[in-house]
Amino acid sequence: MERTLSIIKPDGVGRGLIGEVVKRLEESGFKIIAMKMIHLTQARAEGFYAVHKERPFFNSLTSFMTSGPVVVMALEGENVIEKYRTLMGATNFKDAAEGTIRKAFATDIEKNVVHGSDSPETAAFEIGYFFNSFEIIG
Ligand code: GDP
């Protein structure tokens with residue numbers, strides 16, 4: 001069993017897409033083992049995206065991520081990291097496959113509705129960044 005972190009980004013929450021995303025997660029057979037809504041501070045968003053701090057879009061990305069509330073979830077399932085990334089679609093929605101969340105709902109390379117961890121190491125860091133062990137129903 002593998003775990004991953006999912007975030008419904010401020011564009012997804014603001015546009016009323018929480019239910020749509022959660023429905024797709026559940027239909028895909030992923031188990032939601034933790035869930036909360038939070039409004040990130042600038043410092044917390046910068047810490048989360050620290051790996052991207054040299055990228056030209058870092059400031060824009062962290063301001064976007066603090067522009068409204070987000071829904072963070074820990075998901076569990078077999079091969080869930082890769083399966084959830086497939087369900088999300090490519091970072092740039094223009095390259096995303098039909099049937100993916102980003103193809104259906106993203107409006108911009110940055111405002112792409114959802115986040116998902118990209119490796120087991122990243123997932124462990126990202127889940128721990130938002131949830132303590134008492135908040136995970138595993
Ligand atoms: P992901 O794993 O598919 O989310 O993609 P990355 O880890 O490469 O990038 C993290 C997030 O930064 C993406 O989901 C986008 O919200 C944003 N992002 C990535 N590339 C760009 C870009 O070229 N410009 C802007 N403005 N944002 C970007």
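How far does a polar side-chain atom of K9 lie from an oxygen atom of the ligand? The distance is 2.9 Å.

This is a predicted model, in which local features need pLDDT of at least 70, side-chain atom pairs count only at pLDDT 80 or more, and totals for chains, interfaces and linings use all residues. Residues are numbered from 1 along each chain as its sequence is written, and side-chain values use heavy atoms, with hydrogens and water left out.

**View 1. Polar contacts of the ligand (pairs of N or O atoms within 3.5 Å).** K9 places a polar side-chain atom 2.9 Å from a ligand oxygen. For H52 the distance to a ligand oxygen is 3.1 Å. An N or O atom in the R102 side chain is 3.0 Å from an oxygen atom of the ligand. Alone, the ligand exposes 550 Å² (Shrake-Rupley method, 1.4 Å probe). The protein buries 80% of that area.

**View 2. The shell around the ligand (residues with a heavy atom within 4 Å of it).** Its members are K9, H52, F57, L61, R85, T91, R102, I109, E110 and N112. By class, three are nonpolar, three polar and four charged.

**View 3. The largest pocket (an open set of points on a 1 Å grid over the protein atoms alone, where a 1.4 Å probe fits, with protein on both sides within 12 Å along at least five of seven lines).** About 560 Å³ of space lies in this pocket (the space filled by probe spheres set on the points). Lining residues, with an atom within 4 Å of a point, number 24, and Y49, H52, L61, T91 and H115 are the closest to the centre. The ligand sits here (more than half of its atoms lie within 2 Å of the grid points).

Notes:
Polar contact = N/O pair within 3.5 Å; in protein donor to acceptor, adjacent residues only side chain to side chain. Nonpolar A, V, L, I, M, F, W, Y, C, P; charged D, E, K, R; others polar.
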